[in-house]
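Trainee: Please pick one part of this chain and take me through it closely. Start with its neighbours, then widen the view.

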Amino acid sequence: MRGTFLRTASALLLGIALGLPASAQNLPATAPLPRPAPLPKEGTLPPPQAIGPAAPATQAVKPPVPPAAIAGAAPAAPGPRNATAFDAAQRTALERVNAYLNGVGFLVGDFVQVGPDGSRTEGNFYLQKPGKIRFEYNPPSPVELIANGSAVAVRDRKLATQDIYPLSQTPLRFLLAEKVDLLRDANVVGITQDDLFISVVIEEKTVVTGTHRLMIMFGVQDNQLKQWTITDPQGYDTTIAIYNLDTSRRPDPRLFVINFERNLQ
């Protein structure tokens, strides 16, 4: 479980893709559809399983990272943030994204996660700003991800174990901040808009995990968050698409309580 945490947490926080892998043929019509996973690069390990049951050791792409190492690691300083790098249309699009993120206090809905091997898992999520979110994966996946405002816990209900890391070290912080200005607070490397979506690409470098790229996609017509995709240092994509969104429902505060005992039984 520990070895899969970074892929889980990163995937739940970043990115967007556009296509239809075979495993997503039965996605709800309202859910955005991720693009096929990239082919493995020569000389790299095969892609890990989709987040859900922990991948066998032979499939692990990254070695387990001790919680102390994560706790002591801070994102590397981003590249220059220069608003003049983007034209007026791009800055306007980013302002719309900032306004959406800063205007959402509560969010409840469903999600579909597509891993780099095309495997799919589904579930429900609950968000309350600042800093709180819960992802509940449907069976047979035993995974839950909970942020309580300062920490993130990834639980394995079947094994009765969990790993806990600082919220500040995950991409979730962009979605869960009470107020955010992506051009100031993140290393934005791309902004695009078409008739359907605004896409914002963020690049992050950390000592522990290397360089990740996050693409977040928002609907042009309804200004809602649609999906995000994290591209890991090996080039593999994991995408979370969200739908059936409700911004008026206040989640039960008990959903965001973390049991800090490692044995959850």
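**A strand and its two partners**

Mentor: Start with one pairing: Arg155 in β5 is the bridge partner of Glu144. The model is predicted, with pLDDT of at least 70 needed for local features and 80 or more for side-chain atom pairs, while totals for chains, interfaces and linings use all residues. Residues are numbered from 1 along each chain as its sequence is written, and side-chain values use heavy atoms, leaving out hydrogens and water.

Strand β5 spans residues 151-156. Strands are DSSP runs of E with at least two residues, helices are runs of H or I with at least four, and both are numbered from the N terminus. Six of the six residues in β5 are buried. Buried means under 20% relative accessible area, exposed means over 50%, and partly exposed lies in between, with a 1.4 Å probe and protein chains only. Check the two faces of β5 separately. On one side, Ala151, Ala153 and Arg155 are buried. On the other, Val152, Val154 and Asp156 are buried too. Both faces are covered.

Now the partners. Strands count as paired if DSSP finds at least two bridges between them. Strand β4, residues 143-148, pairs with β5 in the antiparallel sense over five bridges. The two form a hairpin with two residues between the strands. There, Gly149 takes a positive phi near 115 degrees. Strand β6, residues 161-166, is joined to β5 by six bridges, again antiparallel. Ala151 has Pro166 as its bridge partner in β6. This hairpin has four residues between its strands. In its turn, Ala160 has a positive phi of about 55 degrees.

Go to the charges next. Side chains of opposite charge can pair when their charged atoms come close. A salt bridge here is a side-chain nitrogen of Lys or Arg within 4 Å of a carboxyl oxygen of Asp or Glu. Arg157 forms one with Glu144, with the closest N and O atoms 3.3 Å apart. This pair links distant parts of the chain: Arg157 is in the loop between β5 and β6, Glu144 is in strand β4, and they are 13 residues apart. Arg157 counts as partly exposed because its relative accessibility is 38%. Glu144 counts as buried because its value is 9%. The pair also belongs to a salt-bridge network that links Arg134, Glu136, Glu144, Arg155 and Arg157. Arg155 thus appears in this network and as the bridge partner of Glu144.

Step back from β5. The salt-bridge count comes to 10. One of them joins Arg213 and Glu203, with the closest N and O atoms 2.6 Å apart. That pair links distant parts of the chain too: Arg213 is in strand β9 (residues 210-219), Glu203 is in strand β8 (residues 197-206), and they are 10 residues apart. Arg213 is partly exposed at 37%, whereas Glu203 is buried at 19%. Arg254 and Asp252 form another, with the closest N and O atoms 2.7 Å apart. Arg254 counts as exposed at 66%. Asp252 counts as partly exposed at 30%.

Then the rings. Rings of Phe, Tyr and Trp (its six-membered ring) pair if their centres lie within 6.5 Å; planes under 30 degrees apart are stacked, over 60 edge-to-face, and the rest tilted. The whole structure has five aromatic pairs. Tyr100 and Phe218 form an edge-to-face pair, 5.7 Å centre to centre with 70 degrees between the planes. It links distant parts of the chain: Tyr100 in helix α3 (residues 88-103) and Phe218 in strand β9 are 118 residues apart. Both Tyr100 and Phe218 are buried. Phe111 and Phe135 are edge-to-face as well, at 5.2 Å centre to centre and 80 degrees. Phe111 lies in strand β1 (residues 106-114) and Phe135 in strand β3 (residues 132-137), 24 residues apart. Both are buried. Phe111, Phe125, Phe135, Tyr137 and Trp228 form one aromatic cluster.

Last, the whole chain. It has five helices and 11 strands. Of its 265 residues, 50% count as buried. A contact means heavy atoms within 4.5 Å. Of the contacts with a separation of 6 or more, 57% come from residues 24 or more positions apart.
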